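Reader: Hello! I am new to this structure and would love a close look at a single helix. Could you take me through one, please?

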Amino acid sequence: MQIWALIVDSFRESLDRKIFWVMLVISLAVAAAMFGFSFEPNRINVLFGTWSIESDLFTIGGAIRTDLIASIIVEWIADVVLGSVGIFLALIATAGFFPAMMERGGIEVLLSKPFPRWKLVLGKYIGSLTFMAVQAAIFVALTFLVAGFRWNVWLPRYFLVIPLMILMFSYLYSVSTLVAVYTRSTVTVILITMFAWIGFTGVQSMGDYFEMYPELREYRSAYNGLRVARWIVPKTSDLTLLARKWTRSASPTDFVTDADEKGRDMIDRAEKAERLRLDLNPAATIGSSLLFEAAVLMIAIWKFSRKDF
């Protein structure tokens with residue numbers, strides 16, 4: 001019951017910060033924008049048919065390619081809007097939770113109660129994840145309904161995006177929590193968490209680059225060090241690939257119809273690197289990321305438990 005009270009308190013705090021409503025408006029705007037598009041054989045209609053674009057990109061044998069439309073939904077809408085902008089806004093919204101809790105005058109009241117410190121951290125942490133879960137569920141449900149009723153593309157597996165986005169947020173929020181406990185500064189929390197996100201993505205991107213160009217592996221020290229780092233840090237980029245795999249949507253490279261010899265070679269290399277990542281065991285990539293998250297969160301709890309307020 002104590003942890004549940006903290007979860008509810010954290011969620012109410014997110015409502016008071018107005019960012020909840022900002023993200024809700026963004027979800028509604030994306031759904032409304034999607035509703036203005038429609039697909040016909042060899043044609044894409046924009047703004048309810050105000051103008052049309054002649055294109056056979058989504059057509060094969062006179063039928064609409066639902067796998068490519070699914071790719072738009074999963075990668076270009078869910079990943080960009082929810083997985084990037086949405087998580088960025090959620091991190092901003094929740095960055096001040098722990099610093100606010102540790103403000104003088106408030107933290108003394110909390111610590112005066114028969115309440116273990118680890119429960120304070122865990123309750124606030126789960127409350128922030130709940131905030132992200134609600135936003136992800138709203139966004140996915142809205143875009144799912146638009147895709148089904150407007151485009152006649154029903155993707156039940158699309159709802160698997162929700163836990164994947166919660167996972168991505170949790171990886172980053174563990175860093176946010178640790179920084180908050182050490183600094184009590186909301187601005188510092190946001191900046192360091194953003195840099196950590198860039199670093200996690202950069203490690204994976206460099207790993208993909210080595211896979212695309214095997215000749216680089218002659219730099220054994222760099223290659224082996226990168227492989228180790230890639231397994232230690234949270235694999236945020238892998239979640240997008242898993243979303244595409246589980247929803248059975250197309251790869252972005254399938255949108256490339258014309259390319260010269262050099263361009264085709266780069267696309268082939270990218271597809272090979274992507275296949276290697278898709279062949280990874282989801283339990284391994286998610287499990288190793290959760291180990292990182294758990295380790296960071298345990299350090300945050302340990303530091304908070306020993307902190308002199």
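Author: Happy to! One term is useful before we start: the bend at a residue is the angle between two axes, one fitted to the seven residues ending there and the other to the seven starting there. With that in hand, let us look at helix H7, which covers residues 161-183, and keep in mind that this is a predicted model.

By that description, H7 bends by about 25° at Leu172. What about its length? H7 has 23 residues, and at 1.5 Å a residue they should span 33 Å. The end C-alpha atoms of H7 are 33 Å apart, so the expected and actual spans agree.

Is H7 mostly covered or uncovered? It is mostly covered, with 19 of its 23 residues buried. For the setting, the protein chain holds 12 helices and five strands, and 47% of its 309 residues are buried.

Now for a neighbour of H7. Two packed helices are described by the angle between their axes and the distance between those axes. The partner here is helix H10, residues 236-247, whose axis comes within 10 Å of the axis of H7 and crosses it at roughly 175°. Angles over 145 degrees count as roughly antiparallel, and H7 and H10 are therefore roughly antiparallel to each other. On the H7 side, the contact is made by Val161, Leu164, Leu167, Met168 and Tyr171. H10 brings Thr236, Leu239, Leu242, Ala243 and Trp246 to the contact. Sorted by class, these residues are nine nonpolar and one polar, with no charged residues.

Let us move on to what comes after the helix. H7 is followed by Arg184, which sits in the loop between H7 and helix H8 (186-212). Most residues other than glycine have a negative phi. Arg184 is not a glycine, yet its phi is positive, at about 60°. How exposed is Arg184? Its relative accessibility is 28%, so Arg184 counts as partly exposed; the partly exposed class lies between the 20% and 50% cut-offs.

Finally, here is another helix to set beside H7. Helix H12 (residues 282-306) has 25 residues and reaches 36 Å from its first C-alpha to its last, close to the 36 Å expected at 1.5 Å a residue. The buried residues of H12 include Ile286, Phe292, Leu297 and Phe304, and Glu293 is also among them.

How values were computed: Residues are numbered from 1 along each chain as its sequence is written. This is a predicted model: local features need pLDDT of at least 70, side-chain atom pairs count only at pLDDT 80 or more; totals for chains, interfaces and linings use all residues. Side-chain values use heavy atoms; hydrogens and water are left out. Axes are lines fitted to C-alpha atoms, for helices over the stretch in contact, and angles run from 0 to 180 degrees between N-to-C directions. Helices (H or I, at least four residues) and strands (E, at least two) are DSSP runs, numbered from the N terminus. Angles under 35 degrees count as roughly parallel, over 145 as roughly antiparallel, 65 to 115 as roughly perpendicular and the rest as oblique. Contact means heavy atoms within 4.5 Å. Ala, Val, Leu, Ile, Met, Phe, Trp, Tyr, Cys and Pro count as nonpolar, Asp, Glu, Lys and Arg as charged, and the others, Gly among them, as polar. The expected span of a helix is 1.5 Å times one less than its number of residues. Buried means under 20% relative accessible area, exposed over 50%, partly exposed in between (1.4 Å probe, protein chains only).
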